[in-house]
Amino acid sequence: MSAGRVYDAVVIGSGFGGGIAACRLAEAGKRVCVLERGRRFAAGDFPDDPARAPELVWHETANPGGMFDVRLLRDVTVITAAGVGGGSLVYASVQLRAPAEVFEQGWPAAITRAELDPWYTLTEDALQPRPTPPEPILDKVRAFTAAGRLAGKAAEPLPIAVHFGDEREHPFSGVRQQGCQNLARCDIGCPVLAKNTVDITYIARAESHGADVRPLHLATAIEPPSWAGGPWRVAYRTVGDTRTGSVEARVVVLAAGAIGTPRLLLKNKRRLPALSDALGTRFSGNGDALALALDARADDVRGARNDVGPVMTSRLDYTAARRLMLADGGLPPGFHGLLDVARGVDVIRGRRRWLLRLVQGLVRVGVSDQPLRPRHVGSLDRRDNRDAVIFLLIGRDAADGRMHLTWPFKRFDIRWTMEASRPLFDDLRRTAEEVANGAQARLFYALEGGPLGTFATVHPLGGCPMADDPSDGVVDDWGRVHGHPGLWVLDGSMVPTALGVNPSKTIAALAERGAHKLVEELV
């Protein structure tokens with residue numbers, strides 16, 4: 001294994017943490033290398049036919065060109081993204097600041113809403129959130145607003161990182177993008193680049209300042225300096241052909257996400273003996289839940305057309321009373337079979353179902369961290385669920401899950417129960433029922449439904465929580481790893497509690513703040 005030139009920083013991951021870190025370091029004239037396990041996507045690379053749905057599933061060997069990494073663990077199923085731009089490629093573009101009370105307990109003393117507000121604002125230079133325009137009138141907005149009103153709750157527009165308007169060069173990066181065309185494709189890749197994703201904003205700007213971005217490079221090992229002031233070494237293998245190599249740098253920034261970063265540290269713990277015992281703690285699914293209002297009979301809620309418009313446009317805010325929110329959702333035309341997968345309708349059939357059961361059996365005996373393969377999925381049936389009102393619920397769970405390596409197989413896993421979060425999950429169900437009843441609709445709601453049969457989250461947090469005391473957290477309030485100078489974490493794994501809102505903006509703000517400190521120290 002040979003190493004090339006020594007960089008100032010190696011950044012592992014290219015999403016809201018890694019993309020921002022790479023950008024700010026490169027702007028400061030630092031030599032930056034970014035290792036990203038996924039591919040680079042251009043506007044025409046996103047599958048638009050439900051028959052090609054298996055192509056969306058990322059697998060290191062079976063489909064390195066996919067986007068969604070679906071991991072089957074003992075107690076949870078976690079869905080993350082792979083690709084240059086990370087989670088921004090597949091998220092619903094929502095940019096909400098976490099409520100002030102979130103930071104009152106479980107966070108370092110320095111992290112308050114007032115402290116984060118300037119960094120929240122800074123992210124908006126690149127991500128440019130704004131509400132969905134009132135014209136043209138979208139049926140999904142009309143139906144969701146009416147459902148909220150009938151339940152006694154006013155809907156409010158969500159700030160989303162989407163460009164509405166004429167074709168332009170993005171003012172932050174210069175990348176050419178078109179305006180939103182209401183394709184409902186935010187979650188499977190925007191083919192007109194209307195989403196202000198990290199790849200066309202922060203990463204593009206980083207590359208314009210000389211950053212070396214390497215797609216299809218999976219970091220496998222971290223070696224600390226052999227002598228004081230020496231370089232860190234990060235080993236990798238290239239996805240698809242499994243070649244190996246390494247890069248060296250003065251500092252390493254871990255930004256592989258709330259699954260990738262803790263996994264990497266747990267597997268390299270012997271090389272990093274000073275890591276806090278808090279490694280793997282404070283896992284949260286951010287209170288994720290999915291519900292559907294089907295066959296609504298209330299006049300204003302009928303004909304929701306959830307396949308036209310941005311994926312998320314509005315929310316009902318129950319933060320003050322229940323510490324949760326309920327937002328609308330959407331799916332691209334032809335992809336509504338995904339709702340039947342979630343409901344456990346017999347979509348995954350025959351050999352695929354047996355293969356899936358085999359994988360689940362392996363997970364139960366400790367061969368965990370099993371990635372879903374494209375062959376487990378198959379193409380989607382063209383089922384007509386386009387008039388369902390989709391409820392995406394988020395709340396503040398107890399953040400008490402624990403990541404570890406199984407014995408004797410040394411596989412990454414998460415142990416989690418909903419017991420400490422039971423009041424929240426009861427409130428999530430009650431809220432969905434109230435809104436569905438107002439719409440005179442039939443409710444589907446399940447936390448542990450579908451063919452996977454476990455709680456699923458698309459917003460994993462924690463695993464490397466920040467804390468002032470190393471006994472309570474892996475990193476300090478800037479993202480510096482306790483006990484290992486030169487090693488940083490800047491991603492969702494550093495978030496020590498659930499947020500109760502979509503987490504992307506908070507992760508980005510923490511990354512902006514940490515990157516500013518890193519640039520100051522990297523002289």
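**Exercise 1. The mixed sheet**

Strand β4 is joined to β20 by 3 bridges, and the two run parallel. Work out which sheet these strands belong to, in what order its strands lie, and which strands form its edges.

Solution. The model is a predicted one.

Step 1. Start with the parallel pair: V76 has F455 as its bridge partner in β20.

Step 2. Move to the other neighbour of β4. Strand β4 (residues 76-81) is joined to β3 by 5 bridges, and this pair runs antiparallel. L72 stands opposite T77 in β4. The connection between β3 and β4 is a hairpin through 3 residues.

Step 3. Continue from β3 (residues 68-72), which 2 bridges join to β15 in the antiparallel sense. Here R71 has P371 as its bridge partner in β15.

Step 4. Assemble the pairs. The result is an open sheet of 4 strands in the order β15-β3-β4-β20, with mixed pairing. Its edge strands are β15 (370-371) and β20 (455-457), each pairing on one side only.

**Exercise 2. The antiparallel sheet**

Give the strand order of the open sheet that contains β5 and β19, and describe how β5 is attached.

Solution.

Step 1. The order is β5-β13-β14-β16-β12-β19, which makes 6 strands with antiparallel pairing.

Step 2. The edges are β5 (156-157) and β19 (442-446), and each of them pairs on one side only.

Step 3. At the β5 edge, 2 bridges lead to strand β13 (residues 314-318), and the two strands run antiparallel. P157 stands opposite S314 in β13.

**Exercise 3. A hairpin and its turn**

Describe the pairing of β17 with β18 and the backbone of the segment that connects them.

Solution.

Step 1. β17 (residues 402-405) and β18 (residues 412-415) pair over 4 bridges in the antiparallel sense. The bridge partner of L405 in β18 is F412.

Step 2. The two strands form a hairpin with 6 residues between them.

Step 3. Two backbone features fall in this connection. W407 and P408 are joined by a cis peptide bond with omega of about 5°, and P408 lies in the loop between β17 and β18. K410, in the turn, has a positive phi of about 60°.

**Exercise 4. Other unusual backbone angles**

Most residues other than glycine have a negative phi, and most peptide bonds are trans. Locate exceptions outside the hairpin of Exercise 3, and state whether R305 and A399 are buried, partly exposed or exposed.

Solution.

Step 1. A cis peptide bond joins E135 and P136, with omega of about 0°. P136 sits in the loop between α2 (113-127) and α3 (139-150).

Step 2. R305 has a positive phi near 45° and is found in the loop between β12 (289-294) and β13. Its relative accessible area is 27%, so R305 is partly exposed.

Step 3. A399 has a positive phi near 50° and is found in the loop between β16 (389-395) and β17. At a relative accessible area of 2%, A399 is buried.

**Exercise 5. Cysteines**

How many disulfides does the structure hold, and what surrounds C33 and C190?

Solution.

Step 1. The structure holds 0 disulfides. For C33, the nearest cysteine sulfur is that of C23, 16 Å away.

Step 2. The sulfur of C190 has its closest cysteine sulfur in C186, at 6.6 Å; the cut-off for a disulfide is 2.5 Å, so this distance is too far for a bond.

Step 3. Check the accessibility. C33 is buried at 0% relative accessible area, and C190 is buried at 13%.

**Exercise 6. Covered helix, open patch**

Set helix α1 beside the nonpolar patch that includes L362.

Solution.

Step 1. Helix α1 (residues 18-27) is mostly covered, with 9 of its 10 residues buried. Among them are G18, I20, C23 and L25. G29, which follows α1, has a positive phi near 85°.

Step 2. L358, L362 and V365 make a nonpolar surface patch of about 270 Å². L362 belongs to helix α8 (residues 350-364) and counts as partly exposed at 32% relative accessibility.

**Exercise 7. Overall dimensions**

Does the radius of gyration agree with or differ from that of a compact globule?

Solution.

Step 1. For 523 residues a compact globule would have a radius of gyration near 24 Å; the protein has 22 Å, which agrees.

Step 2. Along the principal axes, the C-alpha atoms fill a box of roughly 70 × 50 × 45 Å.

Step 3. Of the 523 residues, 60% count as buried. The protein has 11 helices and 21 strands.

Methods
Residues numbered from 1 in each chain as written. Predicted model: local features only at pLDDT ≥ 70, side-chain atom pairs only at ≥ 80, totals over all residues. Heavy atoms only, no water. Pairing = 2+ DSSP bridges. Patch = residues over 30% accessible without salt bridge, like charges linked within 9 Å, V, L, I, M, F, W, Y side chains within 5 Å. Areas by Shrake-Rupley, 256 points an atom, 1.4 Å probe, with all protein chains shown as cover. Salt bridge = Lys/Arg side-chain N within 4 Å of Asp/Glu carboxyl O. Buried < 20%, exposed > 50% of the residue type's maximum accessible area, 1.4 Å probe, protein only. Rg over C-alpha atoms; globule rule 2.2 N^0.38 Å.
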